[in-house]
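Subject: Structure handed over, with notes on what was found

Dear colleague,

I am passing on the structure that we agreed to look at together. Please keep it open beside this message while you read, and go through the notes at your own pace.

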Amino acid sequence: MRAALSRAVCLAGVLAVVGLLPWLSDRDPALSLLRARSAEQEPTPEALAAIRADLGLDAGPLGLLGRWAAGLLRGDLGTSWVSGTDVLPSVVAGLQVSLALMGAALAVALLVAAALVAPVLIRGRGTSGASAAALTAVPEFLLSTVLLIVAGVWLGWLPTSGWAGPAHLVLPALALGLPAGGLLGRLVAEALPAVLDERWAHLWRGAGVARARIAAAALRRVLPPLAGQFGMVAVGLTGGAVAVETIFAIPGLGRTTLGAVKSQDVPLLQGSVLALLTLGLLAGAGASALRRRLLGPALRDAGLSLPAPRPVRVPVPVPAVLGLILVGVIGWGLLRDPYAVDTAARLAAPSGAHPLGADALGRDVLARLGHGAAATVGMAAAVSLLGLVTALVLGFLPQLATGAADIANALPPVIVGVLVAAVLGPRADGAALAVALVSWPALTAHAAALVQEIRASRFLSAQKAIGASPAWILTRHVLPSVAVPVARHAVLRLPGTALALASLGFLGLGAQPPSPEWGLLLDESADYVERAPVAALAPAVALALLAALAVTLSAYTGTRHAGQPHLRKRTTSVAV
């Protein structure tokens, strides 16, 4: 009941904010609609008054919201303010395209995740995960551009735009699925080694149980806390594909929503957001049902025995070398002028004067990369820390947090960025606020799943039976057991947060020129990636190095708490 109430309140709040967008932006909605309908028509008082009368804008935002809600109860999403057509067919058409793209991208993601997890299952021990982290850090919009140029233009293997058949699915599905698969594969691969080292696994191997059956049992044991992550990734592949849909000219729901925001077509925007939120709620409910199914009666009967995550610690020189490379490049760039223009060096190849080449205006790419690191990495670290704190707080209120997390996860950062930019204007702190508003659900879902399972563990029941106080149980057992894996998860998501900020900068919703923010660098370089690949790919390589550094450092993020012997010893039970 609490979770349902939380979902209903958050859903109503988001739709209300969407309906108030024209008034929150401090712009005349009639003028915005006039520009969207006909850019040449003069905004005379008579023309603006006619638009207000036609759409009932004189009733005010609350009157329009009430009218839209009344129509929604009848199954009517209203009429587009710009095109004059019914909203429902447009939303359904965009949703069908996005769901098809999501299915293809999710298949790619699962294949990539399986390839990353297979070595752990075969060898029985973990990997550093640096390759998965680097894959996760590749910007989807940059990967889309590279795939479009290489596979579509140079080789001519696949179509580069439109939506006319299965062939049009391949490139956008790869652009979306490869980073998502890296994230999912890394999360599963990190949790597997501890499970494969439990006593039941050794007994099964000694009894001659087939390797495939042991692998299936181990996967079933590690998947419950991660089920929510799979659902969130699926939703993100639908609503979060705005940049990919824009690059490949795909008429999906994300692109439809972005167009509605830009034109302030409130009915179409409300219908699109409602579809995204409904999809998020369904995915969240499905993930929760799957987790309960995997856990079985142990969750209800307080019979869970939890594995202790054992991240693979790579040799110290590995993160040290990665850090030195990243810090060295950034420090070298900080010694140079990021705004100096040399017109004779426009799109110059790497040289002594410009080690990473020059951009289209002749500015040194190394200098801009170094000076943009503080804004990009620093802001991403602040947003990740805020998300971690939020997750640890809301994770102990799973019934209330679940509904809000489902709603927040269904909103793509780009759409939230547009809403924030409409109120605050396009700027760096507005982009950070937008990413912070939607970056906490994954961490919160992870924390809530761990809290629920730890509360249902046999050891905690024993602690209560011997008279341990709630404060002792919380501080000595529950909180450390939750904080350590969620902190690692937050570190792993740091490059993704930087990518989300870069995506908003790529779409012009974050830092504005001539700022050297990495998202802007990627945006500016997208047009000449074919002519100056080193200059264009330098920010992406920096993000990949950041991801590899984050995943190697995540293994050193906290250690298993000394007061948790139940999580250090091997257990003889298995939830399969």
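A residue is called buried when its relative accessible area is under 20%, exposed when that area is over 50%, and partly exposed in between. Leu347, at 17% relative accessibility, therefore counts as buried. Please keep in mind throughout that this is a predicted model.

Leu347 lies in the loop between H16 and helix H17, which covers residues 365-394. Its phi angle is near 55°, a positive value in a residue other than glycine. Ala249 also has a phi near 55°, again positive although the residue is not glycine, and its place is in the loop between helix H13 (242-247) and H14. Since its relative accessibility is 28%, however, Ala249 counts as partly exposed.

Turning to the chain as a whole, the secondary structure comes to 26 helices and zero strands. The protein chain has 576 residues, and buried residues make up 53% of them. If you take the contacts between residues at least 6 apart in sequence, 75% of them join residues at least 24 apart.

How do the helices pack against one another? Two packed helices are described by the angle between their axes and the distance between the axes. For helix H6 (residues 87-123) and helix H9 (residues 167-196), the axes come within 6 Å and cross at roughly 35°, and the crossing is right-handed. The residues in the contact of H6 with H9 divide into 25 nonpolar, four polar and no charged.

H6 also packs with helix H11 (residues 211-222), here at an angle of about 120° and with the axes 10 Å apart. Angles over 145 degrees count as roughly antiparallel and those from 65 to 115 as roughly perpendicular, and H6 and H11 are therefore oblique to each other. H6 passes H11 in a right-handed crossing. On the H6 side the contact involves Val117, Leu121 and Ile122, which meet Arg211, Ala215 and Leu219 in H11. Sorted by type, the residues of this contact are five nonpolar, no polar and one charged.

Which residues touch the most other members of the largest nonpolar core? That core has 62 residues, and the answer is Val14, Val273, Leu277, Leu411, Leu504, Trp518 and Leu522. Helix H15 (residues 266-295) gives the most to this core, with eight residues. Trp518 is a useful place to look in the viewer, since, once residues up to four places away in sequence are set aside, it touches Leu369, Gly372, Ala373, Thr376, Val377, Pro539, Ala542 and Leu543. Apart from this core lies another one, of 45 residues, which includes Met102, Ala109, Leu184 and Ile250.

A few single residues are also worth finding on the screen, and in each case the contacts given leave out neighbours within four places in sequence. Gln270 is found in helix H15, and with a relative accessible area of 3% this residue is buried. The residues in contact with Gln270 are Leu15, Val18, Gly19, Leu65 and Trp68. Thr257 has its place in helix H14 (residues 253-263) and, at 0% relative accessibility, counts as buried. Thr257 touches Leu269, Ser272, Val273, Leu276 and Ile415.

Leu143 is found in helix H8 (residues 140-154) and is buried, with a relative accessible area of 15%. Its contacts are Val138, Leu174, Ala175, Leu178 and Pro179. The C-alpha atoms of Leu143 and Leu178 are separated by 9.3 Å, while the two residues stand 35 residues apart along the chain. Ile330, which lies in helix H16 (residues 317-334), is in contact with Gly370 and Ala373. Between the C-alpha atoms of Ile330 and Leu369 the separation is 6.8 Å, and these residues are 39 residues apart along the chain.

With best wishes

Key:
Residues numbered from 1 in each chain as written. Predicted model: local features only at pLDDT ≥ 70, side-chain atom pairs only at ≥ 80, totals over all residues. Heavy atoms only, no water. Axes fitted to C-alpha atoms, helices over the stretch in contact; angles between N-to-C directions. Helix = DSSP H or I, 4+ residues; strand = E, 2+ residues; numbered from the N terminus. Parallel < 35°, antiparallel > 145°, perpendicular 65-115°, else oblique. Left-handed = near helix turned anticlockwise from the far one by under 90°. Contact = heavy atoms within 4.5 Å. Nonpolar A, V, L, I, M, F, W, Y, C, P; charged D, E, K, R; others polar. Core = buried A, V, L, I, M, F, W, Y, C linked by side-chain atoms within 4.5 Å. Buried < 20%, exposed > 50% of the residue type's maximum accessible area, 1.4 Å probe, protein only.
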